[in-house]
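The exercises below are to be worked with the sequence and the coordinates side by side. Each task is followed by a solution that proceeds step by step.

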Amino acid sequence: MKHDDEMVLKEIQKNTQMGMTAIDTILDKIGNDDFSITLSRQSLHYADIHNRALDQILQQDGEGYRGSQIGEMMLKGSIHANTAFNVSTEHLAEMMIQGSNRGITSMWKSLKHNGLATDETVELAKELMDFEEKSIEKLKEYL
């Protein structure tokens with residue numbers, strides 16, 4: 001597997017894993033059923049993209065992304081701290097929008113630094129970024 005492909009695919013996995021973890025962490029704090037359904041659908045889409053990235057890596061005998069438990073704990077801790085005094089739908093939507101923006105930025109950086117990635121890998125990365133942008137637009141309805 002080409003190094004650039006592996007790096008981009010791992011970034012896709014990292015971003016989707018963070019999205020799924022964030023959603024999983026805040027789902028029990030949500031009081032709006034419609035918002036909860038929206039985030040659950042997003043999580044399913046993250047899982048689909050995550051698995052397709054992993055499939056590409058495994059097809060070429062690469063090694064998938066392995067997140068650290070410390071990183072996951074830090075993400076969950078940050079979410080809990082940011083929702084300690086405010087669990088309004090507006091606040092949770094804003095947090096998810098900020099996370100999606102960070103995800104888009106990290107994907108652009110990964111693509112820029114790994115310019116030799118194949119079309120298939122770049123296409124999946126762009127699909128994730130498009131999904132993130134559409135998710136942001138959907139989440140704006142809850143602000």
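**Exercise 1.** Leaving aside its neighbours within four places in sequence, with which residues is His91 in contact?

*Solution.* The model is a predicted one, in which local features need pLDDT of at least 70 and side-chain atom pairs count only at pLDDT 80 or more, while totals for chains, interfaces and linings use all residues. Residues are numbered from 1 along each chain as its sequence is written, and side-chain values use heavy atoms, with hydrogens and water left out. Begin by placing His91 in helix α4, where helices are DSSP runs of H or I with at least four residues, numbered from the N terminus. Next, apply the contact criterion, which is heavy atoms within 4.5 Å; with neighbours within four places in sequence set aside, His91 is in contact with Asn82, Thr83 and Asn86. Then consider accessibility: His91 counts as buried because its relative accessibility is 18%, the classes being buried under 20% relative accessible area, exposed over 50% and partly exposed in between, with a 1.4 Å probe and protein chains only. Finally, the C-alpha atoms of His91 and Tyr142 are separated by 8.9 Å, although the two residues are 51 apart along the chain.

**Exercise 2.** Determine what joins the side chains of Asp34 and Tyr142.

*Solution.* Start from Asp34, which lies in helix α2 and is partly exposed, with a relative accessible area of 47%. Its C-alpha atom and that of Tyr142 are separated by 9.6 Å, with the two positions 108 residues apart along the chain taken as their spacing. The side chains are joined by a polar contact of 2.8 Å, a term for a pair of N or O atoms within 3.5 Å, of which, within protein, one must be able to donate a hydrogen and the other to accept it, and for which residues adjacent in sequence count only if both atoms are side-chain atoms. The backbone nitrogen of Asp34 is also approached, since a side-chain oxygen of Asn32 reaches to within 2.9 Å of it at the start of α2.

**Exercise 3.** Check the length of helix α2 and state which helices its buried residues pack against.

*Solution.* The expected span of a helix is 1.5 Å times one less than its number of residues, so the 27 residues of α2 (residues 33–59) should span 39 Å, and the end C-alpha atoms are indeed 39 Å apart. The buried residues, including Phe35, Leu39, Tyr46 and His50, pack against α1 (3–26), α4 (89–113) and α5 (119–139). Just after α2, Asp61 takes a positive phi of about 60 degrees.

**Exercise 4.** Is Gln13 buried or exposed, and what are its contacts?

*Solution.* Gln13 is found in helix α1, of whose 24 residues 17 are buried, so that α1 is largely enclosed by the rest of the structure. At 1% relative accessibility, Gln13 counts as buried. Beyond its neighbours within four places in sequence, Gln13 is in contact with His50, Ala53, Leu54, Ile57, Gly64 and Tyr65.

**Exercise 5.** Which element gives the most residues to the lining of the largest pocket?

*Solution.* A pocket is defined on a 1 Å grid over the protein atoms alone, as an open set of points where a 1.4 Å probe fits, with protein on both sides within 12 Å along at least five of seven lines, and lining residues have an atom within 4 Å of a point. The largest pocket is lined by 21 residues, among them Met18, Ala22, Leu75, Gly99 and Arg102, which lie nearest its centre. The helix that gives the most to this lining is α4, with 8 residues.

Note on methods:
Helices (H or I, at least four residues) and strands (E, at least two) are DSSP runs, numbered from the N terminus.
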